[in-house]
Amino acid sequence: MSSKQLNNLSGLCIHTITTKPWNIEEAAKNYSANGVKGITVWRDALTGRNLKKTGDMLHKHNLSVVSLCRGGFFPGKEYSRRKAAIDDNRRAIEEAFELGTNLIVLVCGADPSQSLEDSRKQIFEGISTIIPEAKAAGVKLAIEPLHPMYADSRSAINTMAQANDLAETLNSPWVGVAVDVYHVWWDPNLEKEIVRCGNNKSLLAFHVCDWKTPTADMLNDRGLMGEGCIPIRKIRSWVEASGFNGFNEVEIFSAEYWKTDQSVFLKNIITAYKTYV
Ligand code: ZN
């Protein structure tokens with residue numbers, strides 16, 4: 001696909017955190033009015049709400065609830081922290097069920113006071129523990145590898161190879177992988193690992209944004225598609241060649257964009273989606 005070909009919006013999903021200044025009702029209304037077809041809901045957007053009614057509201061706006069973000073953060077040197085994480089993931093599964101989505105994205109977690117190997121072992125144990133609940137609720141769990149700059153405290157799973165290894169070891173139809181271009185675009189094995197993930201039928205989600213140079217903040221300076229150096233179309237072509245036919249999810253954390261008029265930002269997201277995804 002050349003970058004001149006424009007996408008229609010049938011595969012466009014937006015994460016609520018992308019337009020964080022809007023509450024979920026405003027996000028739903030505005031996404032829907034602008035032709036967006038899917039929404040991924042961040043749990044903070046649900047505070048104080050009846051989840052069933054919120055799910056109905058989203059469906060009334062003709063939005064597919066693509067996933068709930070996020071579960072995970074399993075590791076902890078202390079048992080109490082790991083136990084609290086399991087409880088929180090069980091709540092996330094209930095929330096996903098009530099909201100009417102069949103996918104939870106997992107940011108696996110890490111604890112800098114212990115080794116990465118220990119954190120990975122605890123991630124394995126944490127996910128294993130909640131698989132029965134996920135299965136009972138009909139909710140899949142997508143392991144999202146995070147860029148290694150977050151290996152200290154956000155995730156000890158940092159490459160597609162590690163995510164594939166973990167999913168293969170867990171060996172459950174309820175566990176797969178989420179590919180987020182921001183985290184994995186630099187990986188020389190990316191295409192190979194996307195193929196492996198597809199062959200396992202484990203590729204459950206695809207997240208897009210861009211990598212700005214310089215990046216002013218490690219967390220909240222993601223770029224709009226086309227603003228940075230990520231070959232988004234190329235990665236999308238690999239993801240689709242692997243058999244994935246789900247939504248392209250726009251997930252942008254940006255202190256800069258959150259300060260701007262979100263209606264203008266949404267129009268810019270749509271233009272960037274048509275042109276660069
Ligand atoms: Zn993501």
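This passage describes helix packing, a zinc site and some backbone features in a predicted model.

Two packed helices are described by the angle between their axes and the distance between the axes. Three such pairs are presented in turn below.

Helix 4, which spans residues 116-137, packs against helix 5, which spans residues 160-170. The two axes lie 11 Å apart and form an angle of about 45 degrees. Helix 4 is therefore oblique to helix 5. The crossing of helix 4 past helix 5 is right-handed. On the side of helix 4, the contact involves Arg120, Ile123, Phe124, Ile127, Ser128 and Ile131, while helix 5 contributes Gln162, Leu166, Thr169 and Leu170. By character, six residues of this contact between helix 4 and helix 5 are nonpolar, three are polar and one is charged.

Helix 5 also packs with helix 7, formed by residues 190-199. Here the axes come within 9 Å and cross at roughly 20 degrees. An angle under 35 degrees counts as roughly parallel, and helix 5 and helix 7 are therefore described as roughly parallel to each other. The crossing of helix 5 and helix 7 is left-handed. The residues of helix 5 that take part are Met160, Ala161, Asn164, Asp165 and Glu168, and they meet Leu190, Glu193, Ile194, Arg196 and Cys197 of helix 7. The contact of helix 5 with helix 7 comprises five nonpolar residues, one polar residue and four charged residues.

The third pair consists of helix 2, covering residues 51-60, and helix 3, covering residues 79-99. The axes of helix 2 and helix 3 come within 7 Å, and the crossing angle is roughly 45 degrees. Helix 2 and helix 3 are therefore oblique to each other. Leu51, Lys52, Thr54, Gly55, Leu58 and His59 of helix 2 make the contact with Glu95, Glu98 and Leu99 of helix 3. The residues in the contact of helix 2 with helix 3 divide into three nonpolar, three polar and three charged.

Attention now turns to the metal site. The zinc ion is coordinated by Glu144 through OE, Asp180 through OD, His207 through ND1 and Glu251 through OE, at 2.0 to 2.5 Å. The four donor atoms subtend angles of 81 to 144 degrees around the zinc ion, which makes the arrangement irregular. For comparison, four donors count as tetrahedral if all angles lie between 85 and 135 degrees. Along the chain, the zinc donors follow the spacing E-x35-D-x26-H-x43-E. Of these donors, His207 and Glu251 link distant parts of the chain, being 44 residues apart. His207 lies in strand 7, residues 203-208, whereas Glu251 is placed in the loop between strand 8 (248-250) and helix 9 (255-258).

Several backbone features complete the description. Cys69 and Arg70 are joined by a cis peptide bond, with omega of about 0 degrees. Arg70 belongs to strand 3, which runs over residues 64-72. A cis peptide bond also joins Thr213 and Pro214, where omega is about -5 degrees. Pro214 is located in the loop between strand 7 and helix 8 (232-241). Asn62 has a positive phi of about 60 degrees, although Asn62 is not a glycine. This residue, Asn62, is found in the loop between helix 2 and strand 3.

Note on methods:
Residues numbered from 1 in each chain as written. Predicted model: local features only at pLDDT ≥ 70, side-chain atom pairs only at ≥ 80, totals over all residues. Heavy atoms only, no water. Axes fitted to C-alpha atoms, helices over the stretch in contact; angles between N-to-C directions. Helix = DSSP H or I, 4+ residues; strand = E, 2+ residues; numbered from the N terminus. Parallel < 35°, antiparallel > 145°, perpendicular 65-115°, else oblique. Left-handed = near helix turned anticlockwise from the far one by under 90°. Contact = heavy atoms within 4.5 Å. Nonpolar A, V, L, I, M, F, W, Y, C, P; charged D, E, K, R; others polar. Donors = N, O, S within 2.8 Å, 3.2 Å for Na, K, Ca; no water. Tetrahedral: all angles 85-135°; square planar, octahedral: opposite > 155°, others 65-115°.
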